[in-house]
Amino acid sequence: MRAPSESTLRRITTFAAAFGIGVATYIAIADARGGAPVCLAGGGGCETVANSSYSHLLGINVALIGIAGYVFILVSALLRGDLARMSGFVLALAGFGFSVYLTYLELFVIDAICQWCVASAVLMTLLFGLNAVRMIVYVGRTP
Amino acid sequence: MSGKKAREERREQRQQKESEVESQERRQLLIKAGSAAVFLAIAVVAVLIVVSQNKSSGGDGANVEDTGLVSKQLAGIPQSEMTLGDPKAKVTLFEYGDLQCPVCKAFSEEVLPDVIDAKVKSGEAKVQFRNYTIISQQSVPAGAAAIAAGKQGRGWNFVELFYRNQGEEGSGYVTDEFLTGIAKGAGVPDIGQWNSDRKSKATLKEVSRTSTEAQELGFSGTPSFAVSGPGVTGKKTLGTPGTASALEEAIEEAQ
């Protein structure tokens with residue numbers, strides 16, 4: 001199977017990262033206003049997750065860490081060359097790993113699922129896949 | 001002339017080959033670095049999961065959690081004794097709870113915040129916590145400690161923080177050390193006064209009085225709710241409504 005062109009991978013990464021910034025920003029704004037994101041399907045999972053002690057890491061809302069991650073991934077997608085390919089891969093890997101950890105917490109510790117967190121985890125997984133293909137196929141090659 | 005051209009071609013071919021080898025080596029090195037990063041990420045995630053499993057499961061007075069979250073949740077809402085909300089609010093929602101009760105904890109985290117946001121912050125109603133001690137004998141000093149915190153304007157902070165740090169039901173975690181940890185975390189300004197208040201006969205009598213009252217109202221479990229206001233006669237019992245909207249409707253009816 002032929003791998004997609006690097007420009008296609010970069011374009012999809014840009015869109016997915018921009019979408020991720022939107023999702024994480026919504027969660028962060030809801031927290032800053034003292035509330036919680038609204039779960040569109042109801043059930044109160046978003047409130048439970050947002051009110052749990054795991055929603056903050058060293059006093060920082062994890063959504064803000066998410067925004068920073070998505071912004072860096074987006075920048076790496078806009079740049080060319082091996083440094084951008086490797087940075088994008090490492091950042092998406094870190095984001096994916098963090099998403100795995102947060103999903104574990106939702107399922108087994110907090111016992112509640114927040115749709116917005118799931119949306120972010122799906123986007124991070126997609127970004128990890130895109131950046132992994134970009135790194136494996138195109139690293140070491142001329143842009 | 002042709003010899004020189006052939007030499008140049010051979011040199012170009014050699015340079016191209018060297019460049020390809022160099023590029024291939026660089027590529028392999030970077031892919032190795034990427035693989036190492038994957039292993040590192042797996043290790044970090046595994047460590048994080050193990051650490052979160054070892055995290056306190058509640059009932060630890062030396063490591064009280066969520067103090068910031070609770071103070072943020074209650075910020076700006078007036079408190080007096082065990083009442084949260086505008087003292088002039090015409091409707092009062094009574095919560096009969098046991099601080100050791102896990103269902104009360106779930107209610108406090110999942111249902112009451114919506115009611116507080118919709119009805120208490122707007123000044124339509126106030127909520128009063130009343131002890132209904134049913135879990136174990138330790139629920140009595142726990143309830144008395146909450147009332148004592150209420151005397152210093154931190155009653156709801158104490159109740160909410162207690163729920164957030166609740167230990168395993170009936171495991172004997174409600175020690176003086178635990179209660180002091182909660183009181184400090186709740187921001188009770190005078191711990192000495194709080195200590196004397198929580199042990200006073202009047203406070204312990206109050207815990208017993210509200211528990212008897214809950215029984216007289218016909219409640220058999222916690223949390224149980226009642227509402228009073230211009231729209232109802234005396235206290236209307238609500239039992240344990242499963243949703244915030246049911247409590248909000250009851251408040252509207254009592255207006």
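Q: Two residues are in contact if their C-beta atoms, placed from the backbone, lie within 7 Å. How many residues of chain B are in contact with chain A?
A: This is a predicted model, in which local features need pLDDT (confidence per residue, 0 to 100) of at least 70, side-chain atom pairs need 80 or more, and totals for chains, interfaces and linings use all residues. Residues are numbered from 1 along each chain as written, with chains lettered from A and ligands numbered from 1 in written order. Chain A brings 22 residues to the contact, and chain B brings 21.

Q: Which element gives the most to the side of chain A that touches chain B?
A: Helices are DSSP runs of H or I, at least four residues, numbered from the N terminus. Those of chain A giving two or more residues to this side are α2 (45–51), α4 (82–110) and α5. The most, 12 residues, comes from α4(A).

Q: How are α1(A) and α5(A) oriented to each other?
A: Helix α1 (residues 6–32) and helix α5 (residues 115–138) of chain A have axes 9 Å apart. The angle between them is about 155 degrees, and their crossing is left-handed. Angles over 145 degrees count as roughly antiparallel. The two helices are therefore roughly antiparallel.

Q: How many nonpolar residues has the contact of α1(A) with α5(A)?
A: Among the contact residues are Leu9(A), Ile12(A) and Phe19(A) of α1(A), and Trp116(A), Leu123(A) and Arg134(A) of α5(A). By class, 4 residues are polar and 2 are charged (Asp, Glu, Lys, Arg). The nonpolar residues number 17.

Q: What ipTM does the predictor give the complex?
A: For chain B, the mean pLDDT is 89, and 97% of its residues reach 70 or more. The complex has a pTM of 0.56 and an ipTM of 0.75.

How values were computed:
Axes are lines fitted to C-alpha atoms, for helices over the stretch in contact, and angles run from 0 to 180 degrees between N-to-C directions. Angles under 35 degrees count as roughly parallel, over 145 as roughly antiparallel, 65 to 115 as roughly perpendicular and the rest as oblique. A crossing is left-handed if the near helix is turned anticlockwise from the far one by less than a right angle, and right-handed if clockwise.
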